[in-house]
Amino acid sequence: MQKWIMSGLFFAACAFAVVLMFTLPGKEEVAEQNKPTMPEVQLDAAKAEATVKASCITCHGDQLQGGVGPSLQNEGGQHDAEEIYSIVTKGRGQMPSFKEKLAPEEIANVALWLSEKK
C-alpha cells in the first residue's frame, strides 16, 4: 500500500513539474517584461551635460574618460539610446540604478546625449 502512495506522490510531483515547465516564462520573456520603456524626449544637450556632471563624473571622470566606471566617451558606438536608458535605469554590475535619483525624462535625455558619442 505504501508503494502505491509513494508512486502516486511521485507521479503528481512529475506532472506538476511538467506543468510548471510549460507555463512559467523563460529568461527572455522575463527580461523583456523587466525592460524599462524610454519616454519620448527632445535632446537638450545642455541639460544632459549638467545631469552627467551632477551624477556621473564621480565614477566616469570629468571628461567621461573612465575611472571607477568605464569610459563613456564612445558609448554611442557600443549601445543605442534604449540600451543606455535601460542600463542607467536598472543599473548593471557595480553601477547602481538611477531610477530613484533621476526622473525618467532626465535619464532619457542623458541616454540620447550619450548615444551620440561615437
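Student: Where does Leu64 lie?
Tutor: Leu64 sits in the loop between α4 (57-60) and α5. Keep in mind as we go that this is a predicted model.

Student: What makes Leu64 count as buried or exposed?
Tutor: Its relative accessibility is 6%. Buried means under 20%, so Leu64 counts as buried.

Student: What stands out about the phi of Leu64?
Tutor: The phi of Leu64 is positive, about 60 degrees, although Leu64 is not a glycine. Most residues other than glycine have a negative phi.

Student: Let's stay in that loop. How do you know whether Gln73 is buried, exposed or partly exposed?
Tutor: Gln73 is also placed in the loop between α4 and α5. Its relative accessibility is 38%, and partly exposed covers what is neither under 20% nor over 50%. Gln73 therefore counts as partly exposed.

Student: Which residues is Gln73 in contact with, leaving aside its neighbours within four places in sequence?
Tutor: Gln73 is in contact with Gln63, Leu64, Gln65, Lys117 and Lys118. Our buried Leu64 is one of these partners. As for Met95, it is 22 residues from Gln73 in sequence, and their C-alpha atoms are 17 Å apart in space.

Student: And why does Asp80 get the label it has at 42% relative accessibility?
Tutor: Asp80 belongs to the loop between α4 and α5 too. A value of 42% is neither under 20% nor over 50%, so Asp80 counts as partly exposed. The C-alpha atoms of Asp80 and Val68 are 22 Å apart, with their positions twelve residues apart along the chain.

Student: Now the helices. How many helices and how many strands does the chain have?
Tutor: There are six helices and zero strands. Following the sequence, the pattern reads α-α-α-α-α-α.

Student: Why is α1 said to lie largely in the open?
Tutor: The number of buried residues among the 22 of α1 is zero, so α1 lies largely in the open. Helix α1 runs over residues 2-23, and its first and last C-alpha are 32 Å apart, close to the 32 Å expected at 1.5 Å a residue.

Student: What makes α5 mostly covered?
Tutor: Seven of the ten residues of α5 are buried. They are Ala81, Ile84, Tyr85, Ser86, Ile87, Val88 and Thr89, and they pack against α6.

Student: How do you know whether Thr89 is buried or exposed?
Tutor: Thr89 is in helix α5 (residues 81-90). Its relative accessibility is 9%, and the cut-off for buried is under 20%. Thr89 therefore counts as buried. Not counting residues up to four places away in sequence, Thr89 touches Pro36, Ser97, Phe98, Lys99 and Ile107.

Student: At what angle do helix α3 and helix α6 pack?
Tutor: Helix α3 (residues 45-55) and helix α6 (residues 104-115) pack at about 105 degrees, and their axes are 9 Å apart. Angles of 65 to 115 degrees count as roughly perpendicular, so α3 is called roughly perpendicular to α6.

Student: Which residues in α3 and α6 meet?
Tutor: On the α3 side there are Ala45, Lys47, Ala48, Glu49, Thr51 and Val52, and they meet Glu106, Asn109, Val110 and Trp113 of α6. By kind, the residues of this contact are five nonpolar, two polar and three charged.

Student: Just past that helix, what makes Glu116 count as buried or exposed?
Tutor: Glu116 is in the segment after α6. Exposed means over 50%, and Glu116 has 55% relative accessibility, so it counts as exposed. The C-alpha of Glu116 is 9.9 Å from that of His79, although the two are 37 residues apart along the chain.

Student: Finally, how does the radius of gyration of the chain compare with that of a compact globule of 118 residues?
Tutor: The chain has 23 Å, whereas a compact globule of 118 residues would have a value near 13 Å. Along its principal axes, the C-alpha trace spans about 75 × 30 × 25 Å. Of the 118 residues, 27% count as buried.

Technical notes:
Residues are numbered from 1 along each chain as its sequence is written. This is a predicted model: local features need pLDDT of at least 70, side-chain atom pairs count only at pLDDT 80 or more; totals for chains, interfaces and linings use all residues. Side-chain values use heavy atoms; hydrogens and water are left out. Helices (H or I, at least four residues) and strands (E, at least two) are DSSP runs, numbered from the N terminus. The expected span of a helix is 1.5 Å times one less than its number of residues. Buried means under 20% relative accessible area, exposed over 50%, partly exposed in between (1.4 Å probe, protein chains only). Axes are lines fitted to C-alpha atoms, for helices over the stretch in contact, and angles run from 0 to 180 degrees between N-to-C directions. Angles under 35 degrees count as roughly parallel, over 145 as roughly antiparallel, 65 to 115 as roughly perpendicular and the rest as oblique. Contact means heavy atoms within 4.5 Å. Ala, Val, Leu, Ile, Met, Phe, Trp, Tyr, Cys and Pro count as nonpolar, Asp, Glu, Lys and Arg as charged, and the others, Gly among them, as polar. The radius of gyration is taken over C-alpha atoms; the globule rule is 2.2 Å times the number of residues to the power 0.38.
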